[in-house]
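Reader: I'm new to reading protein models. Could you take me through this one by asking how each label is earned?

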Amino acid sequence: MKLYLVPTPIGNLDDITYRAVKVLQSVDAILAEDTRNSGILLKHLNISKPLYAHHAHNEHHGTNGIIKLLKEGKVLALISDAGTPAISDPGFLLVRECLKQGIEVECLPGATAFVPALVNSGLPADRFTFEGFLPHKKGRQTRLKNLAEEERTIIFYESPHRLLKTLEQLAEYLTPERQACVSRELTKVFEENIRGTLAEILLHYQTNPNTIKGEIVIVVAGKA
């Protein structure tokens with residue numbers, strides 16, 4: 001019995017390791033955040049395995065069933081729609097329960113969006129904090145106020161329909177002059193990295209709202 005956490009490409013389907021392919025070929029079944037999206041990747045890799053949905057809406061009540069399969073001797077792989085499972089995606093609850101139950105867990109190295117965004121931002125990468133998605137409502141202002149004093153480079157994930165609001169609030173709480181980079185559609189054909197101050201980046205997207213598409217990573221310099 002064993003659970004593998006297998007990173008999947010964040011855009012370009014060629015960005016998957018040989019080892020990840022071998023693991024996906026060898027397991028008894030694959031747990032996927034969205035079986036439709038994962039089905040496209042598996043078809044591209046010529047892998048045919050039973051697929052079970054494991055996402056934010058069923059991970060609480062579905063974990064016990066997965067644990068049962070593992071205890072029966074099954075070897076399973078967990079994948080998310082893109083990137084490394086449990087990084088702002090389902091996976092943490094299942095990993096924690098597996099470890100409680102004495103089930104072996106192994107995470108493969110591989111794609112995750114915030115690393116290339118951080119490295120190509122041009123901002124210091126020796127010390128950073130990953131914040132994932134900011135709270136939508138409760139606790140959002142408190143989090144932003146606390147981050148205003150953060151000296152490390154700060155990394156956020158954001159959705160297209162919240163980007164302008166988030167940039168406005170970052171400029172308000174962290175100051176408009178703070179250096180930043182917004183990376184969009186990483187590894188894909190239309191990859192875009194917009195660098196400058198928060199005020200400059202906000203103006204860019206206010207002027208070009210039609211370009212706000214795809215997965216987004218915001219990297220902001222820490223307080224000097």
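Reader: What makes up the area that the protein chain exposes, and how much does carbon and sulfur supply?

Author: Keep in mind that this is a predicted model. The protein chain exposes about 11,700 Å², and 52% of that comes from carbon and sulfur atoms.

Reader: How do you know whether the radius of gyration agrees with a compact globule?

Author: Set the two values side by side. A compact globule of 224 residues would come out near 17 Å, and the protein chain has 19 Å, so the value agrees. The C-alpha trace spans about 55 × 35 × 30 Å along its principal axes.

Reader: Why is N46 called buried, exposed or partly exposed?

Author: Exposed means over 50% relative accessible area. N46 has 70%, so it is exposed. You'll find N46 in the loop between α2 (35–44) and β3 (51–53). Its phi is near 60°, a positive value in a residue other than glycine.

Reader: And what makes T175 count as buried, exposed or partly exposed?

Author: Partly exposed sits between the 20% and 50% cut-offs. T175 has 38% relative accessibility, so partly exposed is the right label. T175 is in the loop between α7 (163–174) and β8 (179–184), and it has a positive phi of about 85° without being a glycine.

Reader: What share of the 224 residues is buried?

Author: Buried residues, those under 20% relative accessible area, make up 48% of the protein chain.

Key
Residues numbered from 1 in each chain as written. Predicted model: local features only at pLDDT ≥ 70, side-chain atom pairs only at ≥ 80, totals over all residues. Heavy atoms only, no water. Rg over C-alpha atoms; globule rule 2.2 N^0.38 Å. Buried < 20%, exposed > 50% of the residue type's maximum accessible area, 1.4 Å probe, protein only. Areas by Shrake-Rupley, 256 points an atom, 1.4 Å probe, with all protein chains shown as cover. Helix = DSSP H or I, 4+ residues; strand = E, 2+ residues; numbered from the N terminus.
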